[in-house]
Amino acid sequence: MSNGTSNENTYPVSSRGPADHDVRDQILHAATEHFSQYGYVKTTVSDLAKAIGFSKAYIYKFFPSKQVIGEMICANCLREIEAEVRAAIDEAERPPEKLRRMFKAIVEASVRLFFRDQKLYEIAASAASERWQAALAYEERMQQLLQDVLQQGRLSGDFERKTPLDETVMAIYLVIRPYLNPLLLQHSFDHASDASAQLSSLVLRSLSP
């Protein structure tokens, strides 16, 4: 597994100049509002062009497809979740508490995204279903965060060291994945309120040296 910084550029990026970035941001902002109101699936580039006041050809100058627009919006949402999870981990001193806080932040942020804006949630669901670059990068970065916590716990003596690290990372990732993957999240709401505490406790027992 790669280190924590190697995937900084796996999200969609642009090499255009500052003025073009302003236009791209304007399009993204308008698209976010439009998707929030009408949904990602039902919206076409023509619909966006009319709503923004640009020609469809002008939008295509900056974004080659609706998916690229959706992926940029999705990437922004996922960055927000990542930042929240990182902050939660950083608040704890010892690895076991870091892991508990990581589980709690993931569940709360993911559930909040679904209930706060279900139209934007459609974009995240499309990203997960079609394996968009932003979704793949997000999964990898969350696995890297998990690996970092596990490594700290092994060094501190809080976690066992016999199981290969990559095997442990993937097993724990699969435990929390129903609250990370939008397609699975919609089937996990019944237990969301207790999920983070119960799952993290189970995982921590399995990690005992």
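Two residues are said here to be in contact when heavy atoms of theirs lie within 4.5 Å. With that meaning in hand, isoleucine 69 of this predicted model can be described by its partners: leaving out residues up to four places away in sequence, isoleucine 69 touches Leu28, Ala31, Phe35, Leu48, Ile59 and Phe63. Isoleucine 69 belongs to helix α4, and its relative accessible area is 1%, which is under the 20% that sets the limit for a buried residue, so isoleucine 69 counts as buried. One of the partners, leucine 28, stands 41 residues away from isoleucine 69 along the chain, yet the C-alpha atoms of the two are separated by 6.7 Å.

From this one residue we can step back to the whole chain. The secondary structure of the protein consists of ten helices and zero strands, so that, read from the N terminus, the order of elements is α-α-α-α-α-α-α-α-α-α. The protein has 209 residues, of which 45% count as buried. Among the contacts with a separation of 6 or more, 72% are made by residues 24 or more positions apart. As for the outside, the protein exposes about 10800 Å², and carbon and sulfur atoms supply 51% of that area.

Helix α6 is a useful element to follow next. Its 13 residues, 118-130, reach 18 Å from the first C-alpha to the last, which is close to the 18 Å expected at 1.5 Å a residue. The buried residues in α6 are Leu120, Tyr121, Ile123, Ala124, Ala125, Ser126, Ala127 and Ala128. As background to reading such a list, an α-helix has 3.6 residues a turn, so residues three or four places apart point the same way.

What follows α6 in the chain? The helix is followed by arginine 131, whose phi is positive, near 55°, and this residue is found in the loop between α6 and α7. Most residues other than glycine have a negative phi. Arginine 131 has its positive value although it is not a glycine. Its relative accessibility of 38% falls between the limits of 20% and 50%, and arginine 131 therefore counts as partly exposed.

Helix α6 also has a part in the internal space of the protein. Rolling a probe the size of a water molecule over the atoms shows where empty space is left. A search of the whole structure finds four cavities of 30 Å³ or more, and the largest of them has a volume of about 160 Å³. Which residues lie nearest the centre of the largest cavity? They are Leu78, Tyr138, Leu180, Asn181 and Pro182, out of 17 residues that line the cavity. At least two lining residues come from each of α4 (66-91), α5 (95-116), α6, α7 (133-156) and α9 (182-185), and α6 gives the most, with four residues. By character, the lining divides into 14 nonpolar residues, two polar ones and one charged one.

Three further residues show what the outer parts of the helices look like. Tyrosine 38 lies in helix α1, which spans residues 18-38, and its relative accessibility of 43% makes it partly exposed. Leaving aside neighbours within four places in sequence, tyrosine 38 is in contact with Thr43 and Lys119. Tyrosine 38 can also be placed relative to leucine 120, since the C-alpha atoms of the two, 82 residues apart along the chain, are separated by 9.6 Å; leucine 120 is one of the buried residues of α6.

Is leucine 155, which has its place in helix α7, buried or exposed? With a relative accessible area of 75%, over the limit of 50%, leucine 155 is exposed. Its C-alpha atom and that of proline 95, 60 residues apart along the chain, are separated by 9.7 Å.

The last of the three, leucine 202, lies in helix α10, residues 192-206. Its relative accessible area is 47%, a value under the 50% that would have to be passed for an exposed residue, and so leucine 202 is partly exposed. The C-alpha atoms of leucine 202 and valine 175, which are 27 residues apart along the chain, are separated by 9.7 Å.

Notes: Residues numbered from 1 in each chain as written. Predicted model: local features only at pLDDT ≥ 70, side-chain atom pairs only at ≥ 80, totals over all residues. Heavy atoms only, no water. Expected span 1.5 Å × (residues − 1). Buried < 20%, exposed > 50% of the residue type's maximum accessible area, 1.4 Å probe, protein only. 1 Å grid on protein atoms, 1.4 Å probe; cavity = no way out; pocket = protein on both sides within 12 Å on 5 of 7 lines; lining within 4 Å. Points joined across faces, edges and corners; volume = space filled by probe spheres on them. Nonpolar A, V, L, I, M, F, W, Y, C, P; charged D, E, K, R; others polar. Areas by Shrake-Rupley, 256 points an atom, 1.4 Å probe, with all protein chains shown as cover.
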